[in-house]
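Thanks for passing this one along for a look. I have put my comments as numbered points, so that you can check each one with the viewer open.

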Amino acid sequence: LKSYHPDWTNDELINQVIGTADDIDTLNPGYENKLGDGRINAYHALVDENVVPQQELKLEFLSHTVEDENGNGMIEPEETVSINLEMKNWSQLVNSSDVSFSLSTIDPDINIISGTTTVFVPADDAFEIEDAFTFSVNEGATAHEAVFVVQVTADVEITYDSEFLLKVLVAPSGIFIWDGELNSPGYSGHFIKQYLNEQGFDVVYSDFYPPSFAGFDAVFLSFGNGGENTDQAIFFDYPYSLLMQEYLENAGKLYVEGMAIMGLPQYFGWENKTALHDLFGVTNASIGFISNPISSLEGQAGTLAEGIMFTQSNQSQNWYIDQLTPAAGAQVPFVEDNFGNVSVYNEGTAGHKAFYLGYCLADLVDVDPHSSRYNVLLNMLDFMGYPQGDDYVQANFSQDKTYILPGEEIQFTDFSVSAEGTS
């Protein structure tokens with residue numbers, strides 16, 4: 001094309017190639033607006049004249065930040081809060097000076113103060129919307145996740161992200177549980193949430209990883225295992241680790257599970273590697289570059305997992321499990337046969353408590369009333385300062401039939417027992 005038009009500028013060349021490309025969205029159902037500007041049509045690029053690319057914005061919502069009134073990082077009752085957006089327009093040649101953003105919510109504890117703004121959107125570039133949206137929180141608001149809807153309109157077509165959701169945590173208190181994917185296999189948050197709800201704990205359950213854990217008494221994080229290509233779960237990265245570090249350094253109580261949570265900071269040489277390892281009580285974390293499903297996950301004597309054994313798990317992906325070396329004073333609750341230490345917990349002098357497991361707790365298969373996921377959770381809660389009763393052991397119910405006909409009854413037996421063996 002340059003040889004045909006040696007006097008054209010780069011923008012003119014790009015305009016011609018994009019404006020004559022073939023739309024292939026209809027040939028790829030499910031990938032509409034995700035295939036760039038289409039397939040290059042060399043013939044039309046050379047012969048067409050007066051080409052005008054389709055006038056459309058291709059917006060992507062990248063992230064949002066909040067600024068609370070008193071600057072303590074918590075969105076509290078009776079506080080006014082501003083929301084800032086980071087966006088990108090992927091359209092290479094189309095901009096607009098008349099793009100309207102509107103913010104709304106049906107949350108009864110949220111009052112929108114300023115919810116609309118009009119901005120200039122540049123071509124093929126990121127842009128920010130700052131101090132345009134504000135809201136206040138009602139006096140009686142309790143801990144929960146508030147969901148906002150952002151709607152975008154413009155004087156040209158918007159092919160995607162013309163409407164998207166953003167979330168904030170309001171009045172943080174109690175226990176925060178985060179799953180990489182809500183209510184999904186391979187994550188333990190839903191399992192932990194169900195038990196804590198049954199016990200009457202105040203719980204906020206979300207797939208939104210907040211900018212701070214300040215205000216929460218305890219935090220449970222489940223990243224999952226991404227498999228060999230690391231793309232089937234949430235990949236643990238540096239910003240995630242910074243929030244964990246900040247929370248623990250302020251005497252937080254944290255449980256985290258997932259793939260290479262301790263190994264990645266060491267492997268990539270993150271600046272906070274030493275601080276993070278010290279908080280969890282780890283001196284070395286080597287990533288196992290293999291798939292290692294559990295065969296004998298044995299609780300260690302003198303730890304909160306003493307006498308507990310798991311021989312099977314429903315976890316589908318078991319790649320890159322950490323092999324841990326504990327620091328003095330830290331405890332290794334579980335060792336996987338022919339692999340090594342896969343879990344650690346540690347208590348700091350400043351009051352922080354940290355527990356790490358390389359496997360998914362919820363996917364472990366209970367062996368008997370003692371070797372059960374519930375007992376691990378109960379003992380972990382006791383370690384964090386939430387005792388569930390002296391010498392109490394909780395396990396799943398057992399049923400007398402696994403197959404029943406219509407009209408038949410099924411009997412359940414509660415195998416919750418004390419250490420002395422009494423129900």
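The points below cover the pocket, the salt bridges, one helix, a surface patch and a loop residue.

1. A word first on what we are looking at: this is a predicted model. Please read the distances and areas below with that in mind.

2. You may want to start with the largest pocket, which has a volume of about 600 Å³. The lining comprises 26 residues, and those closest to the pocket centre are His64, Phe208, Tyr209, Pro210 and Pro211. Strand E1 gives the largest share of the lining, six residues. At least two lining residues each come from E1, strand E9 (163-170) and H4.

3. The salt bridges come to four in number. In one of them, the side chains of Lys167 and Asp207 meet at 2.7 Å, N to O. Lys167 sits in strand E9 and Asp207 in the loop between strand E11 (203-206) and E12, so this pair links parts of the chain 40 residues apart in sequence. Lys167 is buried at 18% relative accessible area, while Asp207 is partly exposed at 32%.

4. Another salt bridge joins Lys353 to Glu347, with 4.0 Å between the closest N and O atoms. Since the cut-off for a salt bridge is 4 Å, you might like to look at this pair yourself. Lys353 counts as buried, with 14% relative accessibility.

5. Helix H7 (residues 373-383) is largely enclosed by the rest of the structure, because nine of its eleven residues are buried. Among the buried ones are Tyr374, Leu377, Met380 and Phe383. Arg373 is also buried, at 14% relative accessible area, and forms a salt bridge with Asp366, the closest N and O atoms being 3.2 Å apart. Asp366 is partly exposed, at 22%. After the helix comes Gly385, with a positive phi near 100°.

6. On the surface, Phe235, Tyr267, Phe268 and Phe289 make a nonpolar patch of about 450 Å². Phe235 belongs to the loop between strand E12 (218-222) and helix H4 (238-249), and is partly exposed, with a relative accessible area of 33%.

7. Which residues does Glu78 contact, leaving aside its neighbours within four places in sequence? They are Glu69, Val137, Asn138 and Glu139. Glu78 lies in the loop between strand E1 (56-68) and strand E2 (80-89) and is exposed, with a relative accessible area of 58%. The C-alpha atoms of Glu78 and Ile110 are 10.0 Å apart, with the two positions 32 residues apart along the chain.

Terms used:
Residues numbered from 1 in each chain as written. Predicted model: local features only at pLDDT ≥ 70, side-chain atom pairs only at ≥ 80, totals over all residues. Heavy atoms only, no water. Buried < 20%, exposed > 50% of the residue type's maximum accessible area, 1.4 Å probe, protein only. Helix = DSSP H or I, 4+ residues; strand = E, 2+ residues; numbered from the N terminus. Patch = residues over 30% accessible without salt bridge, like charges linked within 9 Å, V, L, I, M, F, W, Y side chains within 5 Å. Areas by Shrake-Rupley, 256 points an atom, 1.4 Å probe, with all protein chains shown as cover. Contact = heavy atoms within 4.5 Å. 1 Å grid on protein atoms, 1.4 Å probe; cavity = no way out; pocket = protein on both sides within 12 Å on 5 of 7 lines; lining within 4 Å. Points joined across faces, edges and corners; volume = space filled by probe spheres on them.
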